[in-house]
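Got your viewer open? Let's walk through this one stop by stop, with something to select at each.

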Amino acid sequence: MHTGMESPRGVWWKPAHKAEKMWVLIAFAWCMVLFAMMPLWHLKGAQNPSGIRYRVDPSAYARRTNEFIRQYKVGEDGGFAVVEPPPGADVYLLGRMWAWEPVLKLHKGVAYTLHLSSLDVNHGFNLSPVNLNFQVVPGYDYGLRIVPTEAGDFRIVCNEFCGIQHHVMVGRIIVVDDSAGAAPTGGAQ
Amino acid sequence: MTAVPAPAPASLGALFRICSTTGLKINAQAEGLIKANAVAATVSLLIGGITAVLVLLTRWQVVHLLPADWFYRILTVHGMSMLIFFILFFEMAVLYFASAVLLNSRVATPRLAWASFWLMVAGAVLVEWMMWTGRADVLFTSYVPLRAHPLYYLGVILFAVGALIVTGIFFGTLVVAKRERTYQGSVPLVTYGAATAAIIAVITLGHGAAIYIPTFLWSLGLMNVDPQVYRMVWWGLGHASQQINVAAMVSIWYLLGALTIGAVVLNEKISRTAFVLYVLFISMAAAHHLLVDPGLSPAWKVWNTSYAMYLAVLASMVHGFTVPAGMEAGQRLRGYTKGLFEWLRKAPWGDPGFSALVFSVIIFGFLGGITGVTFGTEQINIIAHNTLRIPGHFHATVVGGTALAFMGITYYVIPLIFRKKVAFWGLAKIQPYLFAGGMTIFSIFMTFAGTFGVPRRHWDATFAQAPFSVQYNPAVDLMVGLMAIGGLLAAVGGGIYILCTVWSVFFGESIASLSSAEIRALPAGVPAGMLRPPAPVADAKDHGTLSRGTLVLVAVFLIAFIAYYFVNWKLLSVVWKVG
């Protein structure tokens, strides 16, 4: 038998032996499982990165966010507006060097459409400590239908490099539980 | 431009020596080009390695070495020096080896080959200059509209053009060898694999041209580049270039298997078809970086991220079987027939080429492969994108897999091509153990830290200056600490590699005048595969039993794969609903 360094002589297109055939078939079957899981999760799963996707002019998106803030503002937190949109509302979150605006106050178990976009460069939406991640690209509006499934005080960490102050780009989302009655306050900590 | 071989002048192309160990006819030009590219690769590795330690000691918050601006600058240098310069210079050497040396041929156009080498050096120097002087603090990906100095993009373009010409010379050399009948039969499997790497390189560098030329013009203010289009085309270069590595690395697995223990090719059809699957499907993996991007539809994401229904994953799983199975069969045919694993137990573990091969296969498959396919699943990417899980994955593939395989083959390149003894042989023998052990610890704990959402590419994960405090699970500190220990261990292993190679090449003891018998009598400095070259073996009837140990190993692999994959679906199912 020859090694991989040597030229095979004659015709090398020969039938494979049993062990190889078996492994190729097993591996192929597993690949089909891997593939089937993704469409299946679109049908049955509750976490998909589909969303509604538009091109948007960054300054137009900033105006829409400001309008959203003006409409539903309920307070201030560390220099950021705190906004509490009604159930089912379109929620606008703007990433810019180096902040997320505004601070959002949401309700547990309520559906919203969360829009993400950027005013300048790429940013990364990382909801902490839940660990949900989405790319925020300037010129594109990513509208994700979200349902917060837990109450608490969450952070939005920027996880795409966006310049020298990238590491201070942290936003906030507060989720209150209406059934529990005791909601966290929106004040600075 | 090099497809038609011109008759080379005798002074340039026709000088050969016969290798006393392998019997191969080695062309002087090919030898010189391999040496030059290997030296450039090692210099790049040194820069990449020093910057790796600086990045690591900054991310380890206990030390937090660099200020923010230098952290991002050094991280840019680390990414470019390792992923582009080190890897591609080394792959250029692999292309010359797999064409001219393995086929006993001359190099198609040696003058152009040297010109493209110096073009690549010029490009690399330009890029390094821009990065170190703070004019390209844009990280490896340089996502538009982050802007670097135009000369940075120009440097990348020059480097890529040089590499593209070398792939052309590789194809030209295949034609020369065929026409001049320097070999009989088909090209060896290693050359075939290298040819697929070269084809993928052409696809990759085409994407590179398609994105860096417009970006260069954009940096001069001459045109616009859409940020989402940039991300898609750039990853056609950024991810696909790592697929050149995969094809080159797998070729080196076959080569090291042959050199160290005389691994056989069980079935050429299976192995070569798997390489063809790489060519056809692997470039689609650019989608892995775009799964949670706004500009692309779910259907596009699902189809592309799966490389058209995981056919490139199938290729890797096939090689993951045929490489160890060929090793096992070779050993069994040479008498190591007891039980399931005598062939592995009695293998030359003191040969750094062999240990590097085994660890490269294991780390690439178990750590890099499983995490890569899992994180590259459209929905699971929601809990992985841009966290430390991603560099945790690709340090297992590119460093623990590709770089370690490259290190392993170096212990053969030094005596066979440079014709020097490997210096500090005792250190060289433990080097793959240190490097593999360190990278394993590093990758595992980096990936685990990422599971808690810790971001990659971040100067301060304590968020001391941020408007809102961020608290991670306390386990994160422990994991980052262990990651740092693993990283430092790997850095020691990398340092030993550089010490051994540089010392051997520049100050090492020459073995050029020794006969093969004299080489085999050397007490140290030459790997076992050269001291006792594996004897040829006859074919065997019953292949099924020849690879039964490997069947057990791949079964363990499949179980680990299935477990990790479905654990991640479980982790995903408990986060907020999103769609």
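Where is the place of A:Pro102? Select A:Pro102 and you'll find yourself in the loop between β5 and β6 (103-107) of chain A. Bear in mind that this is a predicted model. While you're here, show the backbone: the peptide bond joining A:Glu101 and A:Pro102 is cis, with omega at about -10°.

Now step back to A:Met97 and A:Trp98, where the connecting peptide bond is cis as well, with omega near 0°. A:Trp98 sits in the loop between β4 (90-96) and β5 (99-101) of chain A.

Next, zoom out to the whole of chain A. Colour 12-45 as domain 1 and 52-176 as domain 2. The C-alpha centres of these two domains of chain A are 40 Å apart.

Time for the sheet. Pick out β2, β3, β6, β12, β11, β8 and β9 of chain A, in that order: these seven strands make an open sheet with mixed pairing. β2 (73-77) and β9 (132-136) of chain A each have a single partner strand, so they stand at the edges, with one side of each left without a neighbour in the sheet. On average, neighbouring strands here are turned by 25° against each other, direction ignored.

Start at the β2(A) edge. Its pairing with β3 (residues 80-83) of chain A is antiparallel and takes four bridges. Select A:Gly75 and you'll see A:Val82 of β3(A) opposite. The two strands form a hairpin with two residues between them, and A:Gly78 in the turn has a positive phi of about 55°.

Then hop to the β9(A) edge. β8 (residues 123-128) of chain A runs antiparallel to β9(A), joined by five bridges. Which residue is the bridge partner of A:Leu127 in β9(A)? Select A:Leu132 to see it.

Over to chain B. Show helices α3 (residues 68-101) and α5 (residues 150-179) of chain B, whose axes come within 9 Å and cross at roughly 15°. Angles under 35 degrees count as roughly parallel, so that label fits α3(B) and α5(B). The crossing is left-handed. For the contact, turn on side chains including B:Phe85, B:Leu88 and B:Met92 of α3(B), and B:Phe159, B:Val166 and B:Phe170 of α5(B). By class, the full contact of α3(B) with α5(B) has 18 nonpolar residues, three polar ones and no charged ones.

Last stop: B:Tyr307, in helix α11 (residues 307-333) of chain B. Check the backbone of B:Tyr307: phi is near 45°, a positive value in a residue other than glycine.

Notes: Residues numbered from 1 in each chain as written. Chains lettered and ligands numbered in written order. Predicted model: local features only at pLDDT ≥ 70, side-chain atom pairs only at ≥ 80, totals over all residues. Heavy atoms only, no water. Domains from an automatic or database assignment. Pairing = 2+ DSSP bridges. Axes fitted to C-alpha atoms, helices over the stretch in contact; angles between N-to-C directions. Parallel < 35°, antiparallel > 145°, perpendicular 65-115°, else oblique. Left-handed = near helix turned anticlockwise from the far one by under 90°. Contact = heavy atoms within 4.5 Å. Nonpolar A, V, L, I, M, F, W, Y, C, P; charged D, E, K, R; others polar.
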